[in-house]
Amino acid sequence: MALPPNIPTSFVPKQPVTNHAHRSRDVHGPLYFGAIFLVATSIVGAGITFGYKTYIETVRDSKKAKLEVAERNINPTAVEDFIRLRNRIQAASTLLDQHVVNSQFFDVLESLTLQNVRFQSLILSVGADRTAKIEMRGLARSFNALAAESAAFAGEKRIKRAIFSNITADKNGVVSFSLRAELDPKLTTIKSSSIKMQVTEPNIATSTPFAPAASTTTKAPKALTATTTRGNNATASTTP
Amino acid sequence: MTTKLFPIACVLIACAIFFGYINPTVTGAIATTNAQIKQYDAALSAAQRFEQKQAQLTTEAKALPQDGVTRLEAFLPDGVDNVQLILDLDSVAARSGIRLSDFVTTEVKGGQSASDDANGTPTLALDNGQPYDSLDLSMSGTGSYTQFRSFLDAVETSLRPLDLLELRLSDASASPGGGYRYDMTFRLYWLR
């Protein structure tokens, strides 16, 4: 049975009704939503970070696998063979350019030695720069012959600083002497030699280390037995 | 009270997420992984270039005449093999009529022979970093000048390069064989 509206339901006096909606507006203000936004952003950021990390780890693993495959395709033996072949070609080129060919000097010496002059000894030393020093002892029939020999050496530009010394004459007029000189690298290396062409000919050298060249010719022993027609007073040479 | 603490708790949670996970992950694991990826990229690029170069070199190597490669290997062998060389030299000398003896080998270190003395004897200085080594081989021989020239020509035109760095020629007419005595020092080379 419903109570009439004018009958109080309680003897306790009622408090005035407060506006709860107003308090709720204060709590859910900008700070509240800002905090939620902050948390949401950080959670999304963490998710993105996790996703990106997973993605690049996948990419890294993929590249690593490709690299391992590429490494397996590398043949170390082939690489070493290539390196050795390159080194061999470069070194061979260097050695060939610096190759000492003293036979050129002997050819020149044979052409310069007068018939009345003979050499008794020779010391030849080739230096690092392929210049060479020679020391020789010899005999000349006369001072004139020695002078002509000196002039002959002076006329050869590839023989430098040719100095005749220790010149003494015996009672028979035979003049002994010493000769010191320096040789131009053109006279000692293969660069200016015709032998270079011979060496590069395929049919000259064989697979054996010492295959004599087919074109090698034995020349007359002019220098140390002294035979040319240069100079005056040419006489028969005296062999040692 | 709970509602007042909520924003503070949110800020703390956000900070914890950022400083506890995002920042360490970005500056740590992700940065490391990116660096690794860059390294792998560089390595893969190099591997690709290597494969191309290898293919190119293989083609060029196949184009080289095998005979030329064989001759090149004889020109600059992989080892010194000086005993065989001495035998070959002796054979060449015998064909020329020269009698060889007193074979002595001297290792060349830093461009100078170990036996070089201080009297200024010129020696061949090899460039550092060259891919070959060298050895000095000294010997004596007797014979006529003609025979010596024949021997020298054969040695100079041999496939294996032998540089005659020192020669002492002296009269040996008093000796039983006569002719001249030749004290020679050759330098020979091989690939390291």
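This section describes the fold, confidence, cores and charged contacts of a predicted two-chain model.

Chain A contains 6 helices and 4 strands. Along the sequence, its elements follow the order α-α-α-α-β-β-α-β-β-α. Chain B is built from 4 helices and 5 strands. From its N terminus, the order is α-α-α-β-β-β-α-β-β.

Burial was computed for each chain. In chain A, 35% of the 240 residues are buried. In chain B, the buried share is 43% of 192 residues. Chain A exposes about 14200 Å², with 58% supplied by carbon and sulfur atoms. For chain B the accessible surface is about 9600 Å², and carbon and sulfur atoms account for 57% of it. Contacts with a separation of 6 or more were also sorted by sequence distance. Residues 24 or more positions apart provide 64% of these contacts in chain A. The corresponding share in chain B is 74%.

Confidence varies along chain A. The mean pLDDT is 76, and 68% of the residues score at least 70. Among the elements of this chain, strand 4 (residues 175-183) has the highest mean, 94. Helix 6 (residues 195-200) has the lowest, 44. Over residues 195-240 of chain A, pLDDT stays under 50. The model still has 115 contacts beyond four places in sequence for that stretch. Where pLDDT is low, predicted coordinates should not be read in detail.

Helix 4 (residues 103-112) of chain A is mostly covered, with 8 of its 10 residues buried. The buried set comprises Ser103(A), Gln104(A), Phe105(A), Phe106(A), Val108(A), Leu109(A), Glu110(A) and Leu112(A). Phe105(A) and Phe106(A) are also among the residues with the most contacts inside the largest nonpolar core. That core has 55 residues. Its other best-connected members are Leu122(A), Phe151(B), Leu167(B), Tyr182(B) and Met184(B). A second, separate core holds 10 residues, including Ala92(A), Leu96(A), Leu72(B) and Leu191(B). In soluble globular proteins, nonpolar side chains tend to be buried together.

Two residues illustrate the contacts in more detail. Leaving aside neighbours within four places in sequence, Tyr182(B) touches a run of residues that includes Met139(B), Ser140(B), Gly141(B), Thr142(B), Gly143(B), Ser144(B) and Tyr145(B). Its further contacts include Ile98(B), Phe148(B), Leu167(B), Arg168(B) and Leu169(B). Ser121(A) lies in strand 1 (residues 117-126) of chain A. Ser121(A) counts as buried because its relative accessible area is 11%, under the 20% limit. With the same neighbours left aside, Ser121(A) contacts Glu135(A), Met136(A) and Arg137(A) in chain A, and Leu169(B) and Ser170(B) in chain B.

A nonpolar patch on the surface also draws on both chains. Phe33(A), Ile36(A) and Phe6(B) form this patch of about 260 Å². Phe6(B) belongs to helix 1 (residues 2-63) of chain B. Its relative accessibility is 32%, so Phe6(B) is classed as partly exposed.

The structure holds 17 salt bridges over all chains. One pairs the side chains of Asp41(B) and Lys63(A), at 2.8 Å from N to O. This pair joins two chains, because Asp41(B) lies in helix 1 of chain B and Lys63(A) in helix 2 (residues 30-73) of chain A. Asp41(B) is partly exposed, at 33% relative accessible area.

Other salt bridges fall within chain A. Arg158(A) meets Glu156(A) at 2.9 Å, N to O. The two partners differ in cover: Arg158(A) is partly exposed at 31%, whereas Glu156(A) is buried at 14%. Glu182(A) and Arg161(A) form another bridge, at 3.2 Å from N to O. Glu182(A) sits in strand 4 and Arg161(A) in strand 3 (residues 159-169), so the bridge ties together parts 21 residues apart in sequence. Glu182(A) is partly exposed at 25% relative accessibility. Arg161(A) is exposed, with a relative accessible area of 60%.

Salt bridges also form a network. Asp107(A), Glu110(A), Arg149(B) and Asp153(B) are linked in this way. Glu110(A) is one of the buried residues of helix 4 of chain A.

Conventions: Residues numbered from 1 in each chain as written. Chains lettered and ligands numbered in written order. Predicted model: local features only at pLDDT ≥ 70, side-chain atom pairs only at ≥ 80, totals over all residues. Heavy atoms only, no water. Buried < 20%, exposed > 50% of the residue type's maximum accessible area, 1.4 Å probe, protein only. Contact = heavy atoms within 4.5 Å. Areas by Shrake-Rupley, 256 points an atom, 1.4 Å probe, with all protein chains shown as cover. pLDDT = per-residue confidence, 0-100. Patch = residues over 30% accessible without salt bridge, like charges linked within 9 Å, V, L, I, M, F, W, Y side chains within 5 Å. Salt bridge = Lys/Arg side-chain N within 4 Å of Asp/Glu carboxyl O. Core = buried A, V, L, I, M, F, W, Y, C linked by side-chain atoms within 4.5 Å.
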